[in-house]
Amino acid sequence: MTHFDTIVVGAGISGATAARILHRAGRRVVVLEARDRVGGRVWTVRGEVDTLDVGASWIHGIDNNPVADAVRAFGLRTAEFTVGSYQPDGRPIAYYSPTGVRLSESAAARFAADVHDFDERFARTIAESPPRTSFGDAVEATLTRLDWDSDRLNRVREFLGHRAEEQLGVAQGDLDAHGLDDDAIDGDEVVFPDGYDELAVRLTEGLDVRLAHEVSQVSWGEDGVVVTTAAGSFSADRAVVTVPIGVLKSPDFGVEPPLPEPVSGALDRLAMNAFEKVFLQFPVKFWDPDVYAIRQQGEAGRWWHSWYDVTQPGGRPTLLTFAAGPCAQETRHWSDERIGDSVVHTLRGIYGNRVVPPNGVYVTRWQDDPFSYGSYSYMTVGSQTRDHDDLATPIGDVLHLAGEATWTDDPATVTAAMKSGHRAAERILGRTVAFGDVWT
């Protein structure tokens, strides 16, 4: 059995960052990755014409962001595409009423003002809410204080439901009231015309990465760790485990002895979401020009309510929408064709016969991915924001957990993944490490 200083489980952004720092500090490190590629939930699919980021797509705010700094240092190409999380305005949005009529600029502005007014009151409701209050309960408590007619209330109610679904892939009744406390973007957002996975490739350059090494068990004790894979076992003084929490909760991934408190409790209270991307590529562009998003209000938009124009220069006209929360669960076993037909049916309620059949539909299947079991983490009702950091509590100075779910300030992002990997490496080294040391 080969012995290392540190074993890193997972070659996503978190694992790559931790391994790179430790390797550059002179430690003997091996990265065990179950997939046949690096990147984890950063995954790019390339075709003859188009490049689709079917996992992470954005850097959500490039100001004071180590991911953005790394991307610039590696010379990766980006394009500004600021969405500002799930907001009612800020970029050109074509809103359509429940009957399929486009809202005038003044009507759209009034709706956006209602959402902003609600958000100010909503923040106070959440701050005053008792433990075990759901996001949905907090929404309803806030709406009851507004002297609005039923139409205004319903439009804001559904918007907040869509916000929970699209940002965290969960129904608002299943999300803790504090689940979107970190809903803030610092600076522009950017996407990757050449694919986000280039970041993972660059971070893992020069590292000992063993692909197709699916870990089945991590055994830890005072003397170190033993990690078991189908390709053999590996021992080390320490391990950094960066697998998604869907895998940590899976019976196919064992930790022995079991994870202690507060790690185990935090893991119990966090969960993986149901969130899938749906790309539709068309022979012609039939939707509103000069908008970055189209949104359908009312019952017609219960599932498919927001489409984003992600057409690349020189590429095929492409819309991106999301199967999120209940929609993702209901359509989980539908074929790509059936999902595409359902989306097109909703689009025809807006654009009528202008909608042409798509010549390509791509649907992600993260819920059924055995190396993730979902797209990213969320806070179940009763969880607390500190659960993210508690999940990363060092275990006997031997075992460290990292990944987007272990970072409190901005979980469910690539930024959180990188920061958590950096923190794990610093704890192992017992000293601070400048982020710039990762790529300079």
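The following dialogue explains the terms used to describe this predicted model.

Student: On what footing do the statements about this model rest?
Tutor: The model is predicted, so local features need pLDDT of at least 70 and side-chain atom pairs count only at pLDDT 80 or more, while totals for chains, interfaces and linings use all residues. Residues are numbered from 1 along each chain as its sequence is written, and side-chain values use heavy atoms, with hydrogens and water left out.

Student: How many helices and strands does the protein chain have, and what makes a stretch count as one?
Tutor: The protein chain has 12 helices and 20 strands. Both are DSSP runs numbered from the N terminus; a helix is H or I with at least four residues, and a strand is E with at least two.

Student: How do you know whether the radius of gyration of the protein chain agrees with that of a compact globule?
Tutor: The radius is taken over C-alpha atoms, and the globule rule is 2.2 Å times the number of residues to the power 0.38. For 440 residues a compact globule would have a radius near 22 Å, and the protein chain has 22 Å, which agrees. The C-alpha trace spans about 65 × 55 × 40 Å along its principal axes.

Student: Why is Asp 186 called exposed, and where is it found?
Tutor: Buried means under 20% relative accessible area, exposed over 50%, and partly exposed in between, with a 1.4 Å probe and protein chains only. Asp 186 has 52%, and is therefore exposed. Asp 186 is found in the loop between helix 5 (150–168) and strand 7 (190–191). In the protein chain, buried residues make up 58% of the 440 residues.

Student: What does Asp 186 contact, leaving aside its neighbours within four places in sequence?
Tutor: Contact means heavy atoms within 4.5 Å. With those neighbours left aside, Asp 186 is in contact with Gly 61, Ile 62 and Asp 63.

Student: Why is Ala 412 called partly exposed, and which class does Asp 290 have?
Tutor: Ala 412 has a relative accessible area of 21%, so it is partly exposed. Asp 290 has 71% and is therefore exposed. Ala 412 is placed in the loop between strand 20 (399–401) and helix 12, whereas Asp 290 is found in the loop between strand 14 (275–281) and strand 15 (293–296).

Student: What is said of phi in Asp 290 and in Ala 412?
Tutor: Asp 290 is not a glycine, although its phi is positive, about 60 degrees. Ala 412 is not a glycine either, and has a positive phi of about 65 degrees.

Student: Which peptide bonds lead into Pro 257 and Pro 262, and what is omega in each?
Tutor: The bond from Glu 256 to Pro 257 is cis, with omega near -5 degrees. The bond from Glu 261 to Pro 262 is cis, with omega near 0 degrees. Pro 257 lies in the loop between strand 12 (254–256) and helix 8 (263–269), and Pro 262 lies in the loop between strand 12 and helix 8.

Student: Which residues of helix 1 and helix 12 meet, and what makes their contact nonpolar, polar or charged by class?
Tutor: Among those in helix 1 (residues 13–24) are Ile 13, Thr 17 and Leu 22, which meet residues of helix 12 including Val 414, Gly 421 and Leu 429. Ala, Val, Leu, Ile, Met, Phe, Trp, Tyr, Cys and Pro count as nonpolar, Asp, Glu, Lys and Arg as charged, and the others, Gly among them, as polar. By this division the contact has 10 nonpolar, 5 polar and no charged residues.

Key
Axes are lines fitted to C-alpha atoms, for helices over the stretch in contact, and angles run from 0 to 180 degrees between N-to-C directions.
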